[in-house]
Amino acid sequence: MKWFNTLSHNRWLEQETDRILDFGKNAAVPTGFGWLGNNGQVRSDMGTHLWITARMLHVYAVAANMGRPGAYALVDHGINTLNDALRDKQYGGWYACVNDEGVIDASKQGYQHFFVLLGAASAVTTGHPKARQLLDDAIEVIEKYFWSEQEQMCLESWDEAFSKTENYRGGNANMHAVEAFLIVYDVTHDRKWLDRALRITSVIIHDVARKGEYRVNEHFDTRWNPIRDYNIDNPAHRFRAYGGTPGHWIEWGRLMLHLRAALEARFETPPEWLLEDAKGLFHATIRDAWAPDGADGFVYSVGWDGKPIVRERVRWPIVEAMGTAYALYTITGEAQYETWYQTWWEYCIKYLMDYENGSWWQELDTNNEVTTKVWDGKQDIYHLLHCLVIPRLPLAPGLAPAVAAGLLDSQAK
């Protein structure tokens with residue numbers, strides 16, 4: 001069967017995209033975008049997180065470029081709340097979490113700031129009059145506090161006043177920096193963002209992960225030496241899980257292929273290892289994480305021996321896997337990637353898609369029943385957008401710029 005680049009499959013993706021966008025609009029709250037529960041209503045007890053608000057700005061910027069009525073108003077809402085409730089007007093940057101009463105978490109997290117960068121860059125493509133200033137502000141904060149010229153990598157976090165940084169370097173934050181840098185490059189055409197994305201990728205993937213059978217290490221000391229036992233006593237951590245998080249391995253693969261395509265679009269010859277390592281990450285994810293205990297689904301984390309640690313099936317890894325399968329198929333034309341893509345969609349239809357309450361379940365147990373060990377709720381729709389829109393686009397430019405350029409469905413026959 002052929003699904004990729006067919007009008008019939010793309011129409012199905014379009015229908016599901018509309019269902020997801022309709023679900024996500026419920027997240028708008030006065031301070032940004034809230035944490036959506038399993039019933040689609042905002043959980044006020046969770047506060048308003050910077051990463052959710054910035055990601056939803058990115059999502060609805062894409063939706064606005066797709067011509068979805070109401071999406072531009074949500075772009076406006078996202079920009080205004082990033083300029084207001086979540087903004088630290090004293091020390092700069094953005095608070096990690098707020099609520100209607102004020103600031104809950106005043107720390108300055110790199111992971112979250114890179115999503116502000118992504119959301120702002122995506123918003124620029126909509127033509128919103130405040131978007132470019134928000135992007136310039138985000139770039140200024142990234143340049144001043146999160147990009148280390150000395151290390152040529154990104155720092156993890158700071159305290160409220162940007163006076164003390166953490167003695168830890170994170171692969172997850174740096175991965176999302178690469179994601180944001182690619183879109184900032186598309187918007188600004190400043191080559192340094194590609195150079196930085198390539199540098200980060202070379203360190204974390206080509207230098208370290210490749211030598212460890214593509215089991216990506218995400219925890220490092222300040223000299224970028226891997227910390228292999230980090231969080232061994234808290235293996236199910238949402239953002240810093242112990243061992244390997246295979247969903248990130250395969251997500252890295254897609255980002256590397258976007259970077260490769262961006263370099264090719266400049267008529268440059270990308271390093272051969274970008275494709276080689278992307279393939280390695282894809283197959284390592286399947287090797288270690290797909291149905292290792294007999295039931296279908298990707299386990300959340302594995303040890304350095306490849307054995308499962310947290311066996312719950314969280315939704316975002318399979319969503320990212322589908323996007324990477326499409327990217328690899330686009331470059332190689334190999335049928336195996338379309339076969340995996342179809343296999344994973346069949347799984348999602350059977351277990352993850354929730355037509356009664358909306359959106360998709362966030363987490364399943366080893367029997368593929370709904371559970372909440374790692375995640376509780378359906379926080380946002382950022383990852384879901386990737387498996388619904390990316391398979392209808394070329395690999396460069398990136399998501400919002402490509403949709404803004406009218407490239408959606410351009411490859412369908």
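Modeller: Before we start, a quick definition: axes here are lines fitted to C-alpha atoms, for helices over the stretch in contact, and angles run from 0 to 180 degrees between N-to-C directions. Also keep in mind that this is a predicted model.

Colleague: Okay, at what angle do the axes of α1 and α11 cross?

Modeller: Helix α1 covers residues 7–24 and helix α11 covers residues 335–352. Their axes come within 15 Å, and the crossing is left-handed. The angle is roughly 35°.

Colleague: And which residues in α11 does α1 meet?

Modeller: On the α1 side, the contact uses His9, Trp12 and Leu13. Counting both helices, that contact divides into five nonpolar residues, one polar and no charged. The partners in α11 are Tyr341, Trp345 and Ile349.

Colleague: Let's go to the enclosed spaces. How many cavities of 30 Å³ or more does a search of the whole structure find, and what is the volume of the largest?

Modeller: The search turns up five cavities of 30 Å³ or more. The largest cavity holds about 170 Å³.

Colleague: Which residues lie nearest the centre of that largest cavity?

Modeller: Its lining has 16 residues, and they split into five nonpolar, six polar and five charged. Helices α2 (50–65), α6 (171–188), α8 (246–265) and α10 (315–332) each give at least two of them. Nearest the centre lie Arg55, Tyr111, Trp316, Trp375 and His383.

Colleague: What about the second largest cavity: which elements give two or more residues to its lining?

Modeller: That cavity has a volume of about 130 Å³. Its lining includes Glu179, Leu182 and Ile183, along with Arg254, Leu255 and His258. Going by type, the lining divides into six nonpolar, four polar and two charged residues. The elements giving two or more residues are α6 and α8.

Colleague: Now the largest pocket. Which element gives the largest share of its lining?

Modeller: The largest pocket has about 310 Å³ of space and 22 lining residues. Both α4 (110–124) and α6 supply at least two of those residues. The largest share is three residues, and it comes from α6.

Colleague: And which residues lie nearest the centre of the largest pocket?

Modeller: By type, the pocket lining is a mix of nine nonpolar, seven polar and six charged residues. Tyr111, which is also among the residues nearest the centre of the largest cavity, turns up here again. The full set nearest the pocket centre is Gln109, Tyr111, Gln112, His237 and Phe239.

Notes
Residues are numbered from 1 along each chain as its sequence is written. This is a predicted model: local features need pLDDT of at least 70, side-chain atom pairs count only at pLDDT 80 or more; totals for chains, interfaces and linings use all residues. Side-chain values use heavy atoms; hydrogens and water are left out. On a 1 Å grid over the protein atoms alone, a cavity is a set of points where a 1.4 Å probe fits but cannot get out, and a pocket is an open set with protein on both sides within 12 Å along at least five of seven lines; lining residues have an atom within 4 Å of a point. Grid points are joined across faces, edges and corners, and a volume is the space filled by probe spheres set on the points. Helices (H or I, at least four residues) and strands (E, at least two) are DSSP runs, numbered from the N terminus. Ala, Val, Leu, Ile, Met, Phe, Trp, Tyr, Cys and Pro count as nonpolar, Asp, Glu, Lys and Arg as charged, and the others, Gly among them, as polar. A crossing is left-handed if the near helix is turned anticlockwise from the far one by less than a right angle, and right-handed if clockwise. Contact means heavy atoms within 4.5 Å.
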